[in-house]
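This report describes one chain of a structure, one of its helices, and its contact with a neighbouring chain. The sequence and the coordinates are shown first.

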Amino acid sequence: MLVGRQSWCFDSKPVIISSAAVGGPFESKCLLADDFDEFAEDLWLGEDSFEKAEVKLLEKACEKALEKAGLKSEDVNFMISGDLDNQITSSSFSARGLKIPYIGIFGACSTSMEGLALASKIMDNGGANYVLAATASHNAAAEKQFRYPTEYGAQKPPTSQWTVTGAGAVILGRKGDGPRVVAATIGKVIDMGISDPFNLGAAMAPAAVDTIEVHFNEFNIEPDFYDLIATGDLGFTGYSIANELLLKKGIRLRENLFTDCGMLIYGKDPKVFSGASGCACSATVTYGHLLNKMRKGELKRILVIATGALLSPMSYQQKESIPGIAHGVSIEYFY
Amino acid sequence: MPKRKKSTPVQKDYQTVAKKIEPKRKVVINVIKSYLIGGFICFVSQLLQLFFIKYFNFEESKAGNPAIAVLIIVSALLTGLGVYDKIAQWSGAGTAVPITGFANSLASAAIEHRSEGYVLGVGGNMFKIAGPVIVFGTFAAFVVAIIRVALQSMGG
């Protein structure tokens, strides 16, 4: 059901019957390592390119989610997936292997919640029995796609972020036990004229703030309605900026209430500068860590706002600024 | 060529807020580090030159070539071993400006694009970063040469 202009309330509350998160070697040492299902031993996963390795990561996450749900790929009606590679090939190629009818989407790092929102809407409209929503990113493939060769010695500024190598997947079903998707707010594309691709946190923060504000207004709720509000991959810099903007709008969020997946996953590791980013950042943290916390009863209601920077290497070279987008999904779990 | 659009007042306001919060590059410390590392690389290069003059009977004007070749090989090796980018993060322009930076830009691009094959991948992308240096370096040399010839012909 449409709420306000850009939000959906899912009356049937589709159930997340299973979720999976896989990571790379660097993630196996991250703060949330316990919440991952599986780690790759190296960045290659036995393949001969980083792009192929990313496909494998995504397939692994989807297969893990299927296995946990006790389903075969034939049982799933639709797969919704996206990633950061050219023409989202990682997603399409995974769908080729999994043989699930496929909807490819692109929302940069906001893909996780964009996919979950769309999947929930399809479920809520009675359009499917099971929908799989997934996304992946690969550190070296993303560096190659958007920046310099991985071994190139360019000094990164302190605002730069570390792309998570990993993949996350969820399967939605009609009934069963598990966290339920109750609402979503689709974000607007917002451009505040930031043009530095090493400062994506600042480019995405305004979009995150807009989606948060709209979400509260359209559902007419206060921030304390949630136990946790987590943005996708703003990193420490983007998070601080978002906090400042929210305060200016008179939205005060308790310190333990508002966090960012890009800060949670590695913490203040100097190797990752301002924090984590990539499609897999919000996907692995939400589908691993946050859903696990809900299953343990530590969190009852959460709002995840996955943030994306909608640039391409060419748009940046043509001196376009970097627009941001943010999609929020509200998940709840009461025993 | 495409131009950057001017920011609107709302965008400017936001950029001021963001600027205040963004951590800054540590310019002073970075300059000192790059000065030290850059100087050290030049020092090593000088030692190599002396070595080639003393033990391989190179003329002083030609001893630079093998010295540079050694630096290039070492940089390419360090790039391949995955160490170079870590040193470069610390030293910044110190490793980027000398010939080591040039070698790293070629080697890293070649390694990165090996997965697209030797011709279109390695061959087509090897000069992705270093290409502009060569293009504008050659062009600058050409302009300087023209000026020099012009001045010489005028001055007799």
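The sections below treat the overall form of chain B, then one helix, then the contact with chain A.

## Overall form of chain B

The model is predicted. Chain B contains eight helices and zero strands, and the order of its elements from the N terminus is α-α-α-α-α-α-α-α.

The C-alpha trace of chain B spans about 65 × 50 × 40 Å along its principal axes. Its radius of gyration is 21 Å, whereas a compact globule of 156 residues would have a value near 15 Å. Of the 156 residues of chain B, 24% count as buried. Among the contacts in chain B between residues at least 6 apart in sequence, 55% join residues at least 24 apart.

## Helix α3 of chain B

Helix α3 of chain B comprises 17 residues, residues 64-80. At 1.5 Å a residue, the helix should span 24 Å, and the 24 Å between its end C-alpha atoms therefore agrees with the expected value.

Which residues of α3(B) are buried? They are B:A67, B:L71, B:S75, B:L78 and B:T79. Because these residues cover an arc of only 110° around the axis, they lie on the same side of α3(B). An α-helix has 3.6 residues a turn, so residues three or four places apart point the same way. On the other side of α3(B), B:N65 and B:I73 are exposed.

The buried residues of α3(B) are covered by elements that include α2 (27-56), α4 and α6 of chain B. Just after α3(B), the backbone at B:G82 takes a positive phi of about 80°.

## Contact with chain A

How many residues does each chain bring to the contact? Chain B provides 33 residues and chain A provides 28 residues. On the side of chain B that touches chain A, at least two residues come from each of α1 (9-21), α4 (84-91), α5 (93-96) and α6 (99-112) of chain B. Of these elements, α6(B) gives the most, with seven residues.

By class, the side of chain B that touches chain A has 13 nonpolar residues, 13 polar residues and seven charged residues.

Two of the helices named here appear in both settings: α4 and α6 of chain B are among the elements that cover the buried residues of α3(B), and each also supplies at least two residues of the side that touches chain A.

Methods. Residues numbered from 1 in each chain as written. Chains lettered and ligands numbered in written order. Predicted model: local features only at pLDDT ≥ 70, side-chain atom pairs only at ≥ 80, totals over all residues. Contact = placed C-beta atoms within 7 Å. Helix = DSSP H or I, 4+ residues; strand = E, 2+ residues; numbered from the N terminus. Nonpolar A, V, L, I, M, F, W, Y, C, P; charged D, E, K, R; others polar. Expected span 1.5 Å × (residues − 1). Buried ≥ 20, exposed ≤ 12 C-beta atoms within 10 Å, placed from the backbone. Arc of directions from axis to C-beta. Rg over C-alpha atoms; globule rule 2.2 N^0.38 Å.
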